[in-house]
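Dear colleague,

I am handing over a structure that you have not worked with before, and I would be glad if you could look through it alongside the notes below.

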Amino acid sequence: MRILGLLLLVLIASCGKDSSSSKSSYARQEEEAGGQKCLLNHKWVKCSSLADADGQGVDILDTLIDIPAQVGNGVITFSQSAVSTDKGRRISCTTKVETGESYRYDLKGDTLILDTNGSKFEYKRFSGGPGVKGSWTWKGYLDRGTLNVKTLTIIGSNRVILRDHCEL
């Protein structure tokens, strides 16, 4: 019985200890000659470029645009301009496209690789089909460590819905 009590005491004492393996994808740090580096979307960046919690709350922002577009042959071309912006205390979340702007895409099973004029995102299918039709999502960290969830919904060959969810 004493062994069981001792084991229980050790287990309780070990609870609450910090474990470096449980850190988030951008909190893992590495010391280098130029200062600390943090992992952000599989890339090392200066930790000083990321924003920490300030104890005054979290910005949770959403934007959405529903726009006509031509979808086919690996290209999405937007037929009109659209912008949606949501401003928080520390960040802004914006979804924007211009008339004639084109995104190239490559469909590989349930992965849609989208090249949005210099930035590439790997979206995962979460509904719909066949082909490129349906809803796709990408989740990662942008800018100062802002969590961003991008949703792309392709209604047909002539309509697209873009949504951004941003948190910091």
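In what you see above, which is a predicted model, the side chain of R125 reaches the backbone oxygen of G131 at 2.4 Å, and the side chain of R125 also reaches the backbone oxygen of K133, in this case at 3.0 Å. R125 lies in strand β10, and, if its neighbours within four places in sequence are left aside, R125 is in contact with L107, G109, D110, G131, K133, S135 and W136.

Strand β10, which covers residues 120-127, also takes part in the second largest pocket, since at least two residues of the lining come from each of β7 (92-97), β10, β12 (146-156) and β13 (159-167). The volume of this second largest pocket is about 480 Å³, and among the 26 residues that line it, T94, L142, N148, K150 and D164 are the closest to its centre. By character, the lining of the second largest pocket divides into 10 nonpolar, nine polar and seven charged residues.

One of the residues closest to the centre of that pocket, T94, leads on to the pairing of the strands, for T94 in β7 is the bridge partner of T85. Strand β6, which runs over residues 82-87, pairs with β7 in the antiparallel sense over six bridges, and the two strands form a hairpin with four residues between them.

With kind regards

Methods: Residues numbered from 1 in each chain as written. Predicted model: local features only at pLDDT ≥ 70, side-chain atom pairs only at ≥ 80, totals over all residues. Heavy atoms only, no water. 1 Å grid on protein atoms, 1.4 Å probe; cavity = no way out; pocket = protein on both sides within 12 Å on 5 of 7 lines; lining within 4 Å. Points joined across faces, edges and corners; volume = space filled by probe spheres on them. Nonpolar A, V, L, I, M, F, W, Y, C, P; charged D, E, K, R; others polar. Polar contact = N/O pair within 3.5 Å; in protein donor to acceptor, adjacent residues only side chain to side chain. Contact = heavy atoms within 4.5 Å. Pairing = 2+ DSSP bridges.
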